Amino acid sequence: MSALPKPHLIMTKTRIMGTGSGLPGARRIRSARNDRPHHYMVHSPHFAYQEYAVHRGQYDRLSFYGPSDTGSVTVHMYDCRVDSPEFDRKLEVEVPADGSCVLGIPPGYAHWFEGLGSVTTRNDYSLHAPRDPSTPWSPFDDNATYPVGAMNASRPEVVANTTELPAPAQFLISKAVSRSWRGGATEQGVVAAAEIGGEVHRYFIDRDLGGRQPDLPPSQLATVTAKVGSYQSIRDDSYGIGSNVDNGLADTMVLDLPGSWPAHFSAHPNLTLILSPLLYDNPEMELQLVDRRADSPTFGATQVLPFPRDPRVVLTIEPGVLMRARGSGTLHYRVEYEVHDATARMPRLFVPVPDTGSLPTFEAPGAPLADSVVRELAYQ
């Protein structure tokens, strides 16, 4: 039998945007190659876990992001796999909350966290099915919890799944969950329907109608919209944040906000960008937006728009809009994107535009590229 996987830490990669950008110095932290689905958990300052969680089929890959003065997150883990030579062994690891590391937790390891107040977690997870297809298991019901006191007394015995589902199946499941969260949901109930291995699983979720809805910044541009995104309310005023694009792609960004407008705008002729803040408490930021898309009814219009501070809100910026930012503090945010087809061999993804002289005009973009094609581009 091959060796069973163990928890592990890997370093992330960071790419910094240059000075010819409307967001100079923004750091893109790559915690994955975007070949797996993801979600975020945004934790309020008073959030505290009280249980261990254990999955049979979900392989977690966690990175943590918090304000600059945030300490490390303490992760407690027990190996609960009955076929593991290290069954019942406890591990404890400190993980920085600056996004520099990813902690991999294989199925069958119970895990509990300390120090998650004000910290946002990104999970680039994968889904695994049982080796025996006749073994009952559902990816929509794969989270058993145990009180910390009970776990310290004795551990459950788990038969962990070992067969990774094909990537299209994983993204299909992730898409179904994210769609069920659009506009807000709670963690109660079950969600939608999907066919897995020839069997139809039905599930639903109730809408988050009781909670206070976030404020939306009013856009005056036809090519810029703000709306409530895909999220699930959990306890202690915290949220699970799902994908708002069907391809499931997203990058985690960190920006030390400049106090004055940069000397350049950023333009994205063939990208639709969906931006959202990532922490529970986010600094104030303004975006200057100029509509330069030829077919837009607001072509030529300019607006200074306050960037959303609530992580449940997403701001969609369509192709052909110039953008730059100013503010105070450090902003953690997420960029989701769709890539549109172009007449050129490769779509132009980024164009720096100086704030002096005449501004360019961009033609209407083509249709969005297929999800699988965009994911291949994202691997690069």
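These legends walk you through a few close-up views of the structure above.

This is a predicted model, so local features need pLDDT of at least 70 and side-chain atom pairs count only at pLDDT 80 or more, while totals for chains, interfaces and linings use all residues. Residues are numbered from 1 along each chain as its sequence is written, and side-chain values use heavy atoms, with hydrogens and water left out.

**View 1. The largest pocket and its lining.** On a 1 Å grid over the protein atoms alone, a pocket is an open set of points with protein on both sides within 12 Å along at least five of seven lines, and a lining residue has an atom within 4 Å of a point. Here the volume is about 1,300 Å³, meaning the space filled by probe spheres set on the points, which are joined across faces, edges and corners. There are 41 lining residues, and H39, H55, N143, E187 and Q232 lie nearest the centre. Helix α2 gives the most to this lining, with five residues; helices (H or I, at least four residues) and strands (E, at least two) are DSSP runs numbered from the N terminus.

**View 2. The largest cavity.** A cavity is a set of grid points where a 1.4 Å probe fits but cannot get out. The largest one holds about 70 Å³ of space, and its lining includes F171, R179 and D246. Sorted by class, that lining has two nonpolar, four polar and four charged residues. Nonpolar covers Ala, Val, Leu, Ile, Met, Phe, Trp, Tyr, Cys and Pro; charged covers Asp, Glu, Lys and Arg; the others, Gly among them, are polar.

**View 3. Two tilted ring pairs.** Rings of Phe, Tyr and Trp (its six-membered ring) pair if their centres lie within 6.5 Å; planes under 30 degrees apart are stacked, over 60 edge-to-face, and the rest tilted. The whole structure has six such aromatic pairs. Y49 and F113 have ring centres 5.6 Å apart and planes at 40°, so they're tilted. Y49 is partly exposed at 27% relative accessibility, whereas F113 is buried at 10% (buried is under 20%, exposed over 50%, partly exposed in between, with a 1.4 Å probe and protein chains only). Y52 and W112 are tilted too, at 5.7 Å and 45°. Y52 sits in strand β5 and W112 in strand β10, so this pair ties together parts 60 residues apart in sequence.

**View 4. Charges over rings.** R61 lies over the face of Y59, 4.1 Å from the ring centre. The charged end of R312 sits over the ring of Y231, 5.4 Å from its centre. To count, NZ of Lys or CZ of Arg must be within 6 Å of the ring centre and within 35 degrees of the ring normal.
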